[in-house]
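Dear colleague,

I am handing over a structure for you to look through, and below it you will find my notes on what was found. Please keep the picture open while you read.

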Amino acid sequence: MALCGVLPAAKGKQAPSKATVESVLGMMDKSAEDFKSLTADIEHIKYTAVVKDTSTETGQIFVRKDEKLRIDFQKPDQRTILRNGDNLYIYTPKINRVEEYNIGKNRAMADQYLALGFGKKGESIRKTYKVTLLKEEELDGHKTAVLELIPNSEDVRKEITKIEMWVDEASWLPLQQKFYEGGSGDYFLSRYKNIMKNLKVSDSRFKPDWPKGTKVEKPRG
């Protein structure tokens with residue numbers, strides 16, 4: 001396990017000659033069996049249709065199997081998104097503020113956004129979405145299977161009508177996810193590079209430890 005952790009995630013099981021929904025989800029099942037953690041560089045792109053505007057943030061993501069996640073955006077402005085179980089924090093150093101949420105009642109919605117496909121079994125994806133294999137294509141030098149995921153939940157579909165996910169056919173981890181927002185034409189896209197699987201990520205990475213004087217707000221909803 002230690003040796004596997006220091007090798008790039010791309011050196012995993014090889015793809016079948018022709019992908020199908022069942023073969024992709026089956027290989028994701030196998031990849032999830034030994035999933036402990038993941039680190040990667042992240043690029044987050046938000047498109048707003050009404051003004052035809054695109055904004056981009058870049059940083060790093062840290063994920064653990066025990067429902068812990070941290071995204072540290074560095075550019076253009078620093079921002080941290082931290083999840084520890086049912087607790088979600090959004091910290092903005094520029095205004096010295098952290099927003100704190102309990103997502104227990106909205107776990108299904110939160111799981112659509114946070115670490116989709118990382119360590120998740122294909123079986124659980126099948127239960128949550130109607131899954132279609134759109135195509136296979138190359139992305140950043142990797143052969144990928146592009147899945148379309150339509151949420152089964154009507155409430156979720158009001159927020160996210162569908163998701164497209166590019167799954168690396170070597171590591172069986174997502175390289176890119178595109179979320180289409182309901183009723184607006186807006187979308188956001190997350191792309192992952194330099195993915196490393198099963199490196200040790202310490203508990204301290206997921207502690208809500210903010211600088212003294214940080215204003216804590218607990219918005220409703």
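Before the strands are described, one term is needed: two strands are said to pair if DSSP finds at least two bridges between them. With that in mind, please also remember that this is a predicted model.

The chain has five helices and twelve strands, and the twelve strands form an open sheet with mixed pairing, in the order β7-β8-β9-β10-β11-β1-β2-β3-β4-β5-β6-β12. Strands β7 (129-139) and β12 (215-217) stand at the edges, and because each has a single partner strand, one side of each is left without a neighbour in the sheet. From one strand to the next, the twist averages 20°.

At one of these edges, β7 and strand β8 (residues 142-151) pair in the antiparallel sense over ten bridges, and Leu133 has Leu147 in β8 as its bridge partner. Helix α2 (residues 21-33) packs on the sheet, where it touches β7, β8, β9 (160-168) and β11 (187-197), and its direction makes about 100° with that of β8.

Does the length of α2 come out longer or shorter than expected, or what does the comparison give? At 1.5 Å a residue, its 13 residues should span 18 Å, and the end C-alpha atoms of α2 are 19 Å apart, which agrees. Several residues of α2 are buried, among them Val21, Val24, Leu25 and Met28, and the cover over the buried residues of this helix includes α4 (122-128) as well as β7, β8, β9 and β11.

A residue worth finding in the picture is Val131, which lies in strand β7. Is Val131 buried or exposed? Its relative accessible area is 9%, and since buried means under 20%, Val131 counts as buried. Leaving aside residues up to four places away in sequence, Val131 touches Val21, Ile125, Arg126, Leu147, Glu148 and Leu149. Val131 and Glu22 are 109 residues apart in sequence, yet their C-alpha atoms are 9.6 Å apart in space.

For the chain as a whole, 45% of the 221 residues count as buried, and the accessible surface comes to about 11900 Å², of which 49% belongs to carbon and sulfur atoms.

Finally, a word on confidence: the mean pLDDT of the chain is 88, and 90% of its residues reach 70 or more, but over residues 1-16 the pLDDT is below 50. Where pLDDT is low, the predicted coordinates should not be read in detail.

With best wishes

Definitions and conventions:
Residues numbered from 1 in each chain as written. Predicted model: local features only at pLDDT ≥ 70, side-chain atom pairs only at ≥ 80, totals over all residues. Heavy atoms only, no water. Helix = DSSP H or I, 4+ residues; strand = E, 2+ residues; numbered from the N terminus. Axes fitted to C-alpha atoms, helices over the stretch in contact; angles between N-to-C directions. Contact = heavy atoms within 4.5 Å. Expected span 1.5 Å × (residues − 1). Buried < 20%, exposed > 50% of the residue type's maximum accessible area, 1.4 Å probe, protein only. Areas by Shrake-Rupley, 256 points an atom, 1.4 Å probe, with all protein chains shown as cover. pLDDT = per-residue confidence, 0-100.
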